[in-house]
Amino acid sequence: MPSGPDVQRADVRGHVSSLRDGEGKGLGPGGRRGGRQPLGSLAAGSGGLRGDSGMGTSLDIKIKRANKVYHAGEMLSGVVVISSKDPVQHQGVFLTMEGTVNLQLSAKSVGVFEAFYNSAKPIQIITSTIEMVKPGKFPSGKTEIPFEFPLHVKGNKVLYETYHGVFVNIQYTLRCDMKRSLLAKDLTKTCEFIVHSTPQKGKLTPSPVDFTITPETLQNVKERASLPKFLIRGHLNSTSCAITQPLTGELVVEHSDAAVRSIELQLVRVETCGCAEGYARDATEIQNIQIAEGDVCRGLPVPVHMVFPRLFTCPTLETTNFKVEFEVNVVVLLHADHLITENFPLRLCRTEPARPGAV
């Protein structure tokens, strides 16, 4: 049985409930109906080999909140459900809560930062293990064991918001382990829950941006003289964005000698992983939304509207070992494959939800 400072005794509230199946249904000896059993089912059912566990036993974790979203300082609660058609011997049931930041380098950076792999082990944000049930036996049917975990971090650590990126991944999980005897396989079930960072207080100050795109404003152009003449104006209502609100604005094609094929919004994540040797910075696309197709009317305002996807975005984050930033590209594709891109850095943050009736 695991022991030591990491293992705490759980105060399992309530009682263990058992729902017995198969009683009063006229089952014969051995749990099967009286009479002869078809030969085809003997081989499949002999020894009780069913499911993943080898004994027809399943393990599940049910979190109390349907959206699985929690904040620092709150109580994470739910039940562990053990289902079996037969009584189950076990050597203890343990529940582990873990929050980690996993960093990795892109293929182009692997040779540059060889020492990175020694310094970029998963960063532990929070970890806690409780013993839910001591060694013993579960009855047949369904057994539910309630649990509670306080979401408190030690020292100066911070509960970063859940984020699923390419080179930076922030994830929080619950893992339940039911230890078994040597002849039976241990059962394990993992379940992810979501952590949102603490909302910033006060109203977010907008930071509007106006832009004008012409051949003269473009950078990284090899043959500027061959470009068609065009004039594109627009604005973004704010580059400081609440993550729960859409990015909005508008764009107007005032003039273009070449026909417009498509206008798109591209949301980009910029992930920076660092170590003693330096930093590796990589930009990858999260989503691309087409806001206009074909040769749009000149002088007609085209609305800009993009919703930030859940889990694949998070409030802009900067720490000692890594950074997560976001940008948006306004992409205009002209005929003859002329591609025009205007880049805007964004600052995402989580704000308090507006109260009903508030202006």
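**Notebook: strands, cysteines and rings**

I began with strand 3 (residues 58-63), which pairs with strand 5 in the antiparallel sense over 6 bridges. I am working on a predicted model. I picked out one bridge here: Lys 62 has Val 79 of strand 5 as its partner.

Next I followed strand 5 to its other listed pairing. Strand 5 and strand 10 (residues 141-150) run antiparallel and are joined by 10 bridges. Gly 78 has Phe 147 in strand 10 as its bridge partner. I then checked cover. Strand 5 spans residues 75-84, and 7 of its 10 residues are buried. I noted strand 5 as mostly covered.

**Whole protein**

I stepped back for the totals. The protein has 359 residues, and 41% of them count as buried. I logged 2 helices and 23 strands. Which contacts dominate among those with a separation of 6 or more? Residues 24 or more positions apart account for 72% of them. The exposed area is about 20400 Å². Carbon and sulfur atoms supply 51% of that area.

**An open sheet**

I looked up one sheet strand by strand. It is open, holds 4 strands and has the order 14-15-17-20. The pairing is antiparallel. Which strands stand at the edges? They are strand 14 (209-213) and strand 20 (301-306). Each has a single partner strand, so one side of each lacks a neighbour in the sheet. I also took down the twist: neighbouring strands are turned by 20° against each other on average, direction ignored.

I went into the pairing at one edge. Strand 17 (residues 247-256) and strand 20 run antiparallel, with 6 bridges between them. Gly 249 is bridged to Val 304 in strand 20.

**Cysteines**

How many disulfides does the structure hold? I found 0. Cys 349 is in no disulfide; its nearest cysteine sulfur belongs to Cys 241 and is 8.0 Å away. A disulfide needs the two sulfur atoms within 2.5 Å. I checked cover for two cysteines. Cys 349 has 5% relative accessibility, so I entered it as buried. Cys 314 is at 1%, so it also counts as buried.

**Aromatic rings**

I searched the whole structure and got 6 aromatic pairs. One of them is Phe 147 with Phe 149. Their ring centres are 6.4 Å apart and the planes stand at 55°, so I called the pair tilted. Are these two residues buried or exposed? Phe 147 is buried, with a relative accessible area of 3%. Phe 149 is buried too, at 2%. Phe 147 had come up before, as the bridge partner of Gly 78.

I then opened the pair of Tyr 160 and Phe 322. The ring centres are 5.7 Å apart and the planes lie at 85°, so this pair is edge-to-face. The two residues sit in distant parts of the chain, 162 residues apart. Tyr 160 is in the loop between strand 10 and strand 11 (163-164). Phe 322 is in strand 22 (residues 322-334).

Why do I list both as buried? Buried means under 20% relative accessible area. Tyr 160 has 18% relative accessibility, so it counts as buried. Phe 322 has 2%, so it counts as buried as well.

My last entry is a group of three: Tyr 70, Tyr 172 and Phe 193 form one aromatic cluster.

Definitions and conventions
Residues are numbered from 1 along each chain as its sequence is written. This is a predicted model: local features need pLDDT of at least 70, side-chain atom pairs count only at pLDDT 80 or more; totals for chains, interfaces and linings use all residues. Side-chain values use heavy atoms; hydrogens and water are left out. Buried means under 20% relative accessible area, exposed over 50%, partly exposed in between (1.4 Å probe, protein chains only). Contact means heavy atoms within 4.5 Å. Accessible areas come from the Shrake-Rupley method with a 1.4 Å probe; for residues, only the protein chains shown count as cover. Two strands pair if DSSP finds at least two bridges between them. Axes are lines fitted to C-alpha atoms, for helices over the stretch in contact, and angles run from 0 to 180 degrees between N-to-C directions. Rings of Phe, Tyr and Trp (its six-membered ring) pair if their centres lie within 6.5 Å; planes under 30 degrees apart count as stacked, over 60 as edge-to-face and the rest as tilted.
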